[in-house]
Amino acid sequence: MSLVPLPRLIVEPLVRAALLEDLGLAGDITSASVIQNDHRSTVVMAARQPGVIAGLDAAELAFTLVDPEITMRRHLQDGDAVKPGDAIATIEGPSRGLLTAERTALNFLGHLSGIATVTAEIAAAIRGTKASVACTRKTTPGLRALEKYAVRAGGGMNHRFALYDAVLIKDNHVAISGGVAEAIRRARAGVGHLVKIEVEVDTLDQLREAMETGVDAVLLDNMTPDQLRQAVAIVAGRAITEASGRVTPATAGTIAASGVDLISVGWLTHSAPVLDIGLDFIEAAATETSPKRVAHVL
C-alpha cells in the first residue's frame, strides 16, 4: 500500500501553531541578536539512531514558514528506514531562519518518526500472519492526523479516526445500555447503513451474543492467546476480529498467530519514544561581517 501524504491544508495549521507557541510576541530574540541578517548556512538533518522516518512535510513547513528563502532537499522519504549517520535532508538558507525553525522541525520529525519506528517493529513481529497492526484514538490532542499518518508510514493501519466515523461500543456503553445485544440494536437503529459497528467484548459469552445480534467487527479485549483462537473460531469469518491489550513486539507474534485480523496498540501514539534526529551545520557562508566557519548544533 502506497503512503499518501497528508494535504498541506491539514499539516500547515499544526506547524503554524507550534511556531507561534515558540515565537510568541517577540520572535527568536537570541538568533535576531546574535546572527547577522544576511548570513546564510547549509545544514544536514541526520539520524542518530536506527528507525523509520515520518514527518518530513511538517519539518519542511517549519523552515519555509519561518523564511520562504529556506530550501530543503530530501535524501529520504517518509517510510524509509534509517541507521545512525544517515543524511535525511539538506537544508539551505538564511541562518537566522534555520536556527529559529530548527527545534519545531525536529520536534515534529522526531516525534512522528518515533511512532513510525515502533509501528514498524510491531509490523515486523507479525509478518507472515494475516494480522495488521492498527493505532487507536490515544493520540496527542491536536496532532491526531499527523500521528495516524506516522503509523501508516511505519507499515500500520488506522483504526477509526474519531468518534464520528464509526461505532465502537465499549464496556461502559454495554453496561449503561443493559447488555451487548441491546447496545448493538440501539446502535443499528441510530446510524446510517454505511456506518460500521464494532463491539468490545471481554468474554467468549459476550462474543457469542454479539455474533448472534450481528456486527461488522469485534474487539477482543485482553484475551489470552487460547481465548483469541477460540474467538476466531466462533466468529468464523463473519466479522473482523481485533485483538487489544498487552501488545509488545515480544507478544505481538503470538497474538497474531491466533488468526485475528487486526492488533490495535494504543501506545504507538501515546508512548512512542522520540527518534533521535539532529541538525548539523556543515557550512556557514561568509559575509562582509563574518568569516566562513563550520559549526555544530546540538
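Me: A cavity is a set of points on a 1 Å grid where a 1.4 Å probe fits but cannot get out, and its lining residues have an atom within 4 Å of a point. Which residues line the largest cavity?

Reply: Keep in mind that this is a predicted model. Searching the whole structure turns up one cavity of 30 Å³ or more, and the largest cavity holds about 60 Å³ of space. Its lining is made of Pro-5, Leu-6, Val-11, Gly-55, Asp-57, Ala-58, Leu-112, Leu-146 and Tyr-149.

Me: Which elements give two or more residues to that lining?

Reply: By kind, the lining of the largest cavity splits into seven nonpolar residues, one polar and one charged. The elements that supply two or more of the lining residues are helix H3 (56-66) and helix H5 (144-153).

Me: How far apart are the C-alpha atoms of Arg-8 and Asp-57?

Reply: Arg-8 sits in helix H1, which covers residues 8-23. Leaving out residues up to four places away in sequence, Arg-8 touches Pro-13, Leu-61 and Leu-65. Asp-57 is 49 residues from Arg-8 along the chain, yet their C-alpha atoms are separated by 8.2 Å.

Me: OK, on to the pocket. Which residues are closest to the centre of the largest pocket?

Reply: The largest pocket has a volume of about 430 Å³. It is lined by 22 residues, and the closest to its centre are Thr-136, Lys-138, Lys-170, Ser-244 and Ser-264.

Me: How many residues in that pocket's lining are charged?

Reply: Strand E9 (217-221), strand E10 (240-244) and helix H11 (267-270) are the elements that give two or more residues to the lining of the largest pocket. Sorted by kind, that lining has six nonpolar residues, eight polar ones and, for the charged group, eight.

Me: Why is one side of E6 and of E7 left without a neighbour in the sheet?

Reply: Six strands form an open sheet with parallel pairing, in the order E6-E11-E10-E9-E8-E7. Strand E6 (132-134) and strand E7 (167-169) stand at the edges, so one side of each has no neighbour, as each has a single partner strand.

Me: Which residue in E11 does Ala-134 stand opposite?

Reply: E6 pairs with strand E11 (residues 262-264) in the parallel sense, over three bridges. Opposite Ala-134, in E11, stands Ser-264.

Me: Where does pLDDT stay under 50?

Reply: Over the protein chain, pLDDT averages 94, and 94% of the residues score at least 70. Where pLDDT is low, the predicted coordinates should not be read in detail. One stretch has 27 contacts beyond four places in sequence in the model, but its pLDDT stays under 50: residues 286-298.

Key. Residues are numbered from 1 along each chain as its sequence is written. This is a predicted model: local features need pLDDT of at least 70, side-chain atom pairs count only at pLDDT 80 or more; totals for chains, interfaces and linings use all residues. Side-chain values use heavy atoms; hydrogens and water are left out. On a 1 Å grid over the protein atoms alone, a cavity is a set of points where a 1.4 Å probe fits but cannot get out, and a pocket is an open set with protein on both sides within 12 Å along at least five of seven lines; lining residues have an atom within 4 Å of a point. Grid points are joined across faces, edges and corners, and a volume is the space filled by probe spheres set on the points. Helices (H or I, at least four residues) and strands (E, at least two) are DSSP runs, numbered from the N terminus. Ala, Val, Leu, Ile, Met, Phe, Trp, Tyr, Cys and Pro count as nonpolar, Asp, Glu, Lys and Arg as charged, and the others, Gly among them, as polar. Two strands pair if DSSP finds at least two bridges between them. pLDDT is the predictor's confidence in each residue, from 0 to 100. Contact means heavy atoms within 4.5 Å.
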